[in-house]
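Please open the model in a viewer and keep the selection panel at hand. The tour proceeds by selections, each followed by a description of what is found there.

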Amino acid sequence: IYASVNIGGIASVNTGTVERCSSSVNINGAGSTNLPGINLNNAYALGGLIAVDSGKVYNSHATGNITATASNVGGFVGVAFGQITGCSATGKIKALAYSVAFVGINRGKIDSSFATGKTVGSAYLGGFASYNHGEIRNSYATGDVDATASSGGGFVARNETSGIVENCYATGNVNGYVYLGGLAGENAGKISNSHSVGHVQGGTNLGGFVGKQERGSIERSYSTGYVYGEIAAAGFAGIIANSTIDQCYAT
């Protein structure tokens, strides 16, 4: 598929129900330059299955690569406001920013899903989600993340103050410059019962689990990967401010 914005393998915009569907196409487009504060009325994105989703998606799969010159790109859904359960994505993502192997920006609820594709770009890249304002549970990512600038996470680039990540894990390696973590690049929300095993390599503010922990909390989680950095590198968290870490460890 060759187009500009709101491109999806199955649907451009979904406000209904998609169940037991699959898409196997390569997508080439722009995406969007919108910031993560977007709402349903001004969301522009690219998604392997759906570009913008505010409905329900069950037991569906997307494969195929996505190449974009802008942002808000997801191997499965570009921007999510609804409910996604039991879904997966396996394609490679190459874009500018706010791009990932599963969902670009999440404001909904995701459960029991996974992504295996590699993500390459500039900033705010994650193995599963870029910005998470919603809830992600019982999910995982296995692809590598290569960010030339800031904020890369094996699972999520930035977990916002309203974001919840629970019972999730990442196994891919993370490469970049600043705010890099095996599971999360930045966390201001709540992460619990999660782990990362991939290696992290970059310049400053690197952690085996999280690069920057500002506000929010992390509970009952761990990391086992190597960390290669220059300044402010740590086995678990690169930098911690005004937040809590409880019952966690790094090896």
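Which residues of the largest nonpolar core touch the most other members? In this predicted model, select Val57, Phe76, Ile84, Phe102, Val103, Phe128 and Phe155: within a core of 34 residues, these touch the most other members. Next, add Ala43, Val79, Ile105 and Ala123, which are among the 13 residues of another core lying apart from the largest one. In soluble globular proteins, nonpolar side chains tend to be buried together.

**The ring cluster**

Return to the largest core and retain Phe76, Phe102, Phe128 and Phe155, four of the residues that touch the most other members. Ring pairs link Phe76, Phe102, Phe128 and Phe155 into a cluster.

**Aromatic pairs**

Across the whole structure, 11 aromatic pairs are found. Select tyrosine 98 and tyrosine 131 to see one of them: the arrangement is edge-to-face, with 5.5 Å centre to centre and 70° between the planes. Tyrosine 98 lies in strand β16 (residues 97-100) and tyrosine 131 in strand β22 (residues 129-132), so that the pair links distant parts of the chain, 33 residues apart. Are these two tyrosines buried or exposed? Tyrosine 98 counts as buried because its relative accessibility is 12%, under the 20% cut-off. Tyrosine 131, with a relative accessible area of 9%, is likewise buried.

Now select phenylalanine 102 and phenylalanine 128. Their ring centres are 4.5 Å apart and their planes stand at 10°, so this pair is stacked; the angle is under the 30 degrees required. This pair, too, links distant parts of the chain, its members being 26 residues apart. Phenylalanine 102 is in the loop between β16 and β17 (103-106), whereas phenylalanine 128 is in the loop between β21 (123-126) and β22. Phenylalanine 102 is buried, with a relative accessible area of 0%, and phenylalanine 128 counts as buried at 0% relative accessibility.

**The open sheet**

Switch to a cartoon representation and select the strands in the order β5-β10-β15-β20-β25-β30-β35-β40. These eight strands form an open sheet with parallel pairing. Which strands form its edges? Select β5 (27-29) and β40 (227-228): each of these edge strands pairs on one side only.

Finally, centre the view on β5 and β10 (residues 66-68), which pair in the parallel sense over three bridges. Display glycine 29 together with alanine 68, its bridge partner in β10.

Note on methods
Residues numbered from 1 in each chain as written. Predicted model: local features only at pLDDT ≥ 70, side-chain atom pairs only at ≥ 80, totals over all residues. Heavy atoms only, no water. Core = buried A, V, L, I, M, F, W, Y, C linked by side-chain atoms within 4.5 Å. Buried < 20%, exposed > 50% of the residue type's maximum accessible area, 1.4 Å probe, protein only. Pairing = 2+ DSSP bridges. Helix = DSSP H or I, 4+ residues; strand = E, 2+ residues; numbered from the N terminus. Phe/Tyr/Trp six-rings, centres within 6.5 Å; stacked < 30°, edge-to-face > 60°.
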